[in-house]
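Please work through the exercises below with the sequence and the model side by side. Each task is followed by a solution that goes step by step.

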Amino acid sequence: MALGKYSRVDGRKSSYCSTVTVVVFVGVCLVGVWILMSSAVVPVQNSDLSSQKTEMESKSNVTETYANQLEDGPGDMPEDATKGDNSLTDNLDKRKSDDDSQGLPEKELEKTIEVEGTQEKYMESIEAKSETEEEMKRGSENDGAGNKEADSNSYGESNLGDEDSSSGVSKIREEANEVKASGQSELEESQNEDHLNLDDNVKKPTEQNTEERKRDYKVEGETHEKIEENQDKDSVESLPETKMEDEAKDPSSNDMFSAGSQSEILNETSTQNGPWSTQAAESENEKELQKSVPLKDIKKYKWKLCNVTAGPDYIPCLDNVQAIRELPSTAHFEHRERHCPDEAPTCLVPLPEGYKKPVRWPKSREQIWYRNVPHTKLAEVKGHQNWVKVTGDYLTFPGGGTQFKNGALHYIDFIQNSLPEIAWGKQSRVILDIGCGVASFGGYLFERDVLAMSFAPKDEHEAQVQFALDRGIPAVSAVMGTKRLPFPSKVFDIVHCARCRVPWHVEGGKLLLELNRLLRPGGYFVWSATPVYRKGPEDAGIWKAMSRLTKSMCWDLMSIKKDKLNEVGAAIYRKPTSNECYDERPKNEPPLCQESDDPDAAWNVPLQACIHKVPVSALERGSQWPKQWPLRIEEVPYWLKRSQVGVYGKPAPDDFAKDFEHWKHVVSMSYLNGLGISWSSVRNVMDMKAVYGGFAAALKDLKVWVMNVVPIDSPNTLPIIYERGLFGMYHNWCESFSSYPRTYDLLHADHLFSDLKKSCKLPVIAEVDRILRPEGHLIVRDDVETLAEVESLATSLHWKVRLRYSNENEGLLCVQKTFWRPTESEIIMSAIA
């Protein structure tokens, strides 16, 4: 029994010791696992690993996508065009290789992002987690207490509903140090660095290779669908679907766009002139640039409504009544030309009563809201010609015009049948439509892959250009008066004039010679007017004068035919491709222009009745016809020489190619999915500072058109844009643009506003507000100081900040205009009739 007793006692003691040993062993294992998990698999946002794994993957993926797309990715631009830390540039190159991703530098932890409007949804998702996950979260939060101030410099973090973010970052730093202090292997340190780089692949933390980075790009669409659900339910239509339903539950997190081994944002946007001349330098008569007033001086600007005679249709440079009254003559339509006030107005144009969100394309081509453009005079005068009709709450456009009452498409086909060499959409891509009316001709040319730069004056035909723009058709307010049109020479494939009533033959053919300047050698002038097909005394006299003038200009009459359906006719002329005819003329009339006359100078340059010679060198612009569309959009223009330094510092052909690749990358990987923009509602787009037209080229497959604006003090790259089959115009942003209010859905400004601070009295944002439609978007890429100032102004306008991103000294801002208008008004004396 003793043995039995002692046997029982010894058995108990042995069992107790074993239990203690097991508990201690398990405890040590758990501590070890916890340390390992903390050092290698700690998410950045907070310590709730299991509950947020998918969410963190989504954020890190979008982070890397934006770092690659919004920043200067490898191969995007020439090496010597980049600036800043060379080590960061080296890291960029490594991202393109198959090497493992680099660790996040300490200073990179300060890169921030802020996206609006998802705090409540995020908090709801946190509350919905399981009890077990909540326990893990509370334990992790306790371990990380006191560390929440470690990353307090994050830009806008307090607005994101994510207070644990800084704690997670601090905890990572502490635990990384603990790992190193405890003698962890290099593999574990590499794992820690990978997680510091926000690549939260918990299964294989050391295998973040190129294939995984490629997979990151696929996550972006789903993440930003969440953003758009809070902004515009319609936007979901334009975003790609993704298989990962639980990803991106918190698109407002400021970790979304943080990134590791990345360089500065868009170094290539720091343009240099080099040998490139500017429009301001080429044009001797441009207006004197105004004194600079920093944006910060007007951050608290008190906005008022413009009290002007033009009301909601106010165009400051075309409605300067005071300047028009002082004109000595209006015989050459000087009163329809630009006369800008000495200081650009800083008031806001009121909305028409009952204004509502415009009808979307392509439905808008046929009808728009009457209240948005409440003018009926054109419908009363031209209704029988099928220009425009009033139908209930809509203005409807049957597709007709003075010369094509039975539809524009039939008329378009009639022109090509008259001269098959025109080959709409292949040989002929960019045309100029003079006296466009409501631009039905240009609107239906889209079906033939043709872009039409349409223009007409702001005159007694109420708002014809405004009708065009509200329909989603390109147009500007302009007139052929005393100055050259704001386009370079030799860029339009076709110039079209249908019953435009322009006196081409008077004053030595000065106006027709302006068309000759704009027309590409070998290009066509399509003249559809009564002198072509009517035989009355006046028409016969004009036809005789035009025949004499065009022959002296060496234009060949290629075709003259009549459209039996519309009972009109068209004469088609062709500009010569050599100078032989000019040398063989019996008289030098019209005279050849002086050699010193720059045909590309087009800003406030007076018209001259002279002929510019066509280029003769095989490598000179205009000596060859561009590639057929769409090849020409990607083709490096043959006249860009390698000996010529491009805008960004590399040989011009390389500059062009790199710029195109860069913008394709940015648009496809960021703009289309990452800004919360419903692209199905975007039609009229403006690039306020175009360089090579890369941004517009990257949008070519969307149902949008882009007005490429080249500022007069920027390198004169507008001819390149036309060579690509795109279009645009010169402009001085210290003045108002020649467009009606509320005519663009999206404005893109790449390092424009920082330039304007040096030359203009701001806020130019008032002009942006004028031409941007309510609920339209403004995308700004610039230095962080300028972005802060623009954001301050946008906020004062009650605009919504959709996205804010900064890295180093560069950043991106996306804001959305609202319907807000101030209640107080300001009388603009220069615009009171």
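A residue is called buried under 20% relative accessible area, exposed over 50% and partly exposed in between, with a 1.4 Å probe and protein chains only. Helices (H or I, at least four residues) and strands (E, at least two) are DSSP runs numbered from the N terminus. The model is predicted, so local features need pLDDT of at least 70 and side-chain atom pairs count only at pLDDT 80 or more, while totals for chains, interfaces and linings use all residues. Residues are numbered from 1 along each chain as its sequence is written, and side-chain values use heavy atoms, with hydrogens and water left out.

**Exercise 1. Describe the surroundings of strand 19.**

Step 1. Seven of the seven residues of strand 19 (residues 810-816) are buried, so this strand is largely enclosed by the rest of the structure.

Step 2. Sorting these residues by side, one face carries Glu-810, Leu-812, Cys-814 and Gln-816, the other carries Gly-811, Leu-813 and Val-815, and all of them are buried.

Step 3. Two strands pair if DSSP finds at least two bridges between them. Strand 19 is joined to strand 17 by seven bridges in an antiparallel arrangement, and it also pairs with strand 18 (residues 800-807), again antiparallel and over seven bridges.

Step 4. On the strand 18 side, Val-801 stands opposite Val-815. Strands 18 and 19 form a hairpin with two residues between them, and Glu-808 in the turn has a positive phi of about 55 degrees.

**Exercise 2. Place His-777 and find what it touches.**

Step 1. His-777 belongs to strand 17 (residues 772-783), where it stands opposite Gln-816 of strand 19.

Step 2. Its relative accessible area is 6%, so His-777 is buried.

Step 3. Contact means heavy atoms within 4.5 Å. Not counting residues up to four places away in sequence, His-777 touches, among others, Gly-676, Asp-745, Arg-802, Cys-814 and Gln-816.

**Exercise 3. Which kinds of aromatic pair does Tyr-671 form?**

Step 1. Rings of Phe, Tyr and Trp (its six-membered ring) pair if their centres lie within 6.5 Å; planes under 30 degrees apart count as stacked, over 60 as edge-to-face and the rest as tilted. The whole structure holds 24 aromatic pairs.

Step 2. Trp-663 and Tyr-671 have ring centres 6.5 Å apart and planes at 55 degrees, so this pair is tilted.

Step 3. Tyr-671 and Phe-695 make an edge-to-face pair, with 6.0 Å from centre to centre and 70 degrees between the planes. Because Tyr-671 lies in helix 20 (residues 652-674) and Phe-695 in helix 21 (residues 694-698), the pair ties together parts that are 24 residues apart in sequence.

Step 4. The accessibilities complete the picture: Trp-663 is buried at 5%, Tyr-671 is buried at 0%, and Phe-695 is buried at 1%.

**Exercise 4. Over which rings does Arg-683 lie?**

Step 1. A charge sits over a ring if NZ of Lys or CZ of Arg is within 6 Å of the ring centre and within 35 degrees of the ring normal.

Step 2. Arg-683 lies over the face of Trp-361, at 3.5 Å from the ring centre, and its charged end also sits over the ring of Phe-446, 4.5 Å from the centre.

**Exercise 5. Is helix 15 mostly covered or uncovered, and what follows it?**

Step 1. Helix 15 (residues 464-471) is mostly covered, with eight of its eight residues buried, including Gln-464, Phe-467 and Arg-471.

Step 2. Gly-472 follows helix 15 and has a positive phi, near 95 degrees.
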